[in-house]
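Biologist: I'd like a close look at a single part of this one, rather than a full tour. Could you walk me through it?

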Amino acid sequence: MRLKTARALCVLLALWAGAAAWAAQYRLQVGQMNQVPVGIDVRNAETLCNVEIRVDGGPPFQQRVRAPEFMAWLVLTPVQSGPVLVTWRGVFYRNERDELVNPCPTQGQTRFMAGPGNADLQQDWRAWWASQDPAQTQCMQKVLSLWSIKTDWLDRRDPEPALPGKLLARSQSQCERFVQIKTPWGAEPMASHSCTWRGLKTRCEGYYTPAGGKGPRLNYEQALAMHLSGTPLQAGHAESVAAQQARARAAKAAADKALAEENARVEAFKQALAEQKAREEAQRLAQQQAAEEERQKKIKAAEQREREWLENRPWLVRKLSRVQPKPLEEEQAQSEPGKKQP
């Protein structure tokens, strides 16, 4: 069993008055060091005073306790099961600087029970939490956590009037008021609940603010702390960052999809245009090749006709065709008798 410093409980003792009655005290584990608080009842104007404490008749020791909590923290190590009695009374104390500390105007006692285990306590707490309203359970557990009160070794059936019982009573009454604050999230989780925000169905995150709406937005723990200090609160909500990011991602995905579809249409058009041009070019080349083939065919046909005509000519025509005319230079040379032939 381990508790934090008494400073976490500084405002509690001032709020004890009017709290519902609870009987609860810590159980000590045999053979283990147990750090437990003891509330010293000081009702005058002292801010620092001294008490002498005895544990089960052992040697006395002294502690200085301060307002407003007047809390004494003890480390107890019981050696056997059974009751452990703690008594105290106010005595003067002179410190090392020769300063005199007044005695606390108090005298009292409390009793702890020591045992080997706590399984029954944990089972009892589970049953009790299950019997409570979920919102009340959540609130009380959070308040006790803020006050560093652990229920693992706390016996709520122990009739001994002690500090833990007063803190339990205070947490219960405070939470009964806290859960009455109207919240826009209702029974849904505060951190993420369905809502309509600016006409849009989305997810919202809840928060608390001081009554009137002026002040910072508070989370659950911060709101409980302010509630415990007596600050009136109200609840509100706004679209969560996660929902905003999700919507932004969805919008970006839609824009990316639309852009991809548009790019696909453009590419498809370009592809179709290129295919059309390719078909036209292929058609032109095919026509050009067909025309060339037709021209070559005509040339071959003409050549064939010419060969046939040459082969079928009359004999005299073929004979005469072999007589070749003299070149022009020879005719001129023959017409000039005095010119020597080369």
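Which residues touch the most other members of the largest nonpolar core? Please take it from there and show me how the helices around that part pack.

Modeller: Sure, and keep in mind that this is a predicted model. The largest nonpolar core has 51 residues, and the ones touching the most other members are I40, F112, F178 and Y208. Among the helices and strands, helix 3 gives the most to this core, with 6 residues. Helix 3 spans residues 163–178, so let's stay with that helix, using the definition of a helix as a DSSP run numbered from the N terminus.

Start with its packing against helix 4, which covers residues 220–228. The two axes sit 11 Å apart, at an angle of about 110°. Angles from 65 to 115 degrees count as roughly perpendicular, and helix 3 and helix 4 are therefore roughly perpendicular to each other. Helix 3 passes helix 4 in a right-handed crossing. On the helix 3 side, the contact uses Q174, R177 and F178, while helix 4 brings Y220, A223, L224, H227 and L228. Sorted by class, that makes 5 nonpolar, 2 polar and 1 charged residues.

Now for the other partner, helix 2, which runs over residues 134–146. Its axis and that of helix 3 come within 9 Å and cross at roughly 130°. Helix 2 and helix 3 are therefore oblique to each other. The crossing of helix 2 past helix 3 is right-handed too. Here Q136, C139, M140, V143 and L144 of helix 2 meet L168, S171, Q172, C175, E176 and F178 of helix 3. By class, you get 7 nonpolar, 3 polar and 1 charged residues in this contact.

So F178 is worth a click in your viewer: F178 is in the contact with helix 4, it is in the contact with helix 2, and it is among the core residues that touch the most other members.

F112 is another name from that core list. Leaving out residues up to four places away in sequence, F112 touches Q25, Y26, L28, V36, P37, V38, L76, G82, P83, V84 and V86.

To put all this in context, the protein chain has 7 helices and 13 strands. Buried residues make up 33% of its 342 residues. Looking at contacts between residues at least 6 apart in sequence, 70% join residues at least 24 apart.

Definitions and conventions: Residues numbered from 1 in each chain as written. Predicted model: local features only at pLDDT ≥ 70, side-chain atom pairs only at ≥ 80, totals over all residues. Heavy atoms only, no water. Axes fitted to C-alpha atoms, helices over the stretch in contact; angles between N-to-C directions. Helix = DSSP H or I, 4+ residues; strand = E, 2+ residues; numbered from the N terminus. Parallel < 35°, antiparallel > 145°, perpendicular 65-115°, else oblique. Left-handed = near helix turned anticlockwise from the far one by under 90°. Contact = heavy atoms within 4.5 Å. Nonpolar A, V, L, I, M, F, W, Y, C, P; charged D, E, K, R; others polar. Core = buried A, V, L, I, M, F, W, Y, C linked by side-chain atoms within 4.5 Å. Buried < 20%, exposed > 50% of the residue type's maximum accessible area, 1.4 Å probe, protein only.
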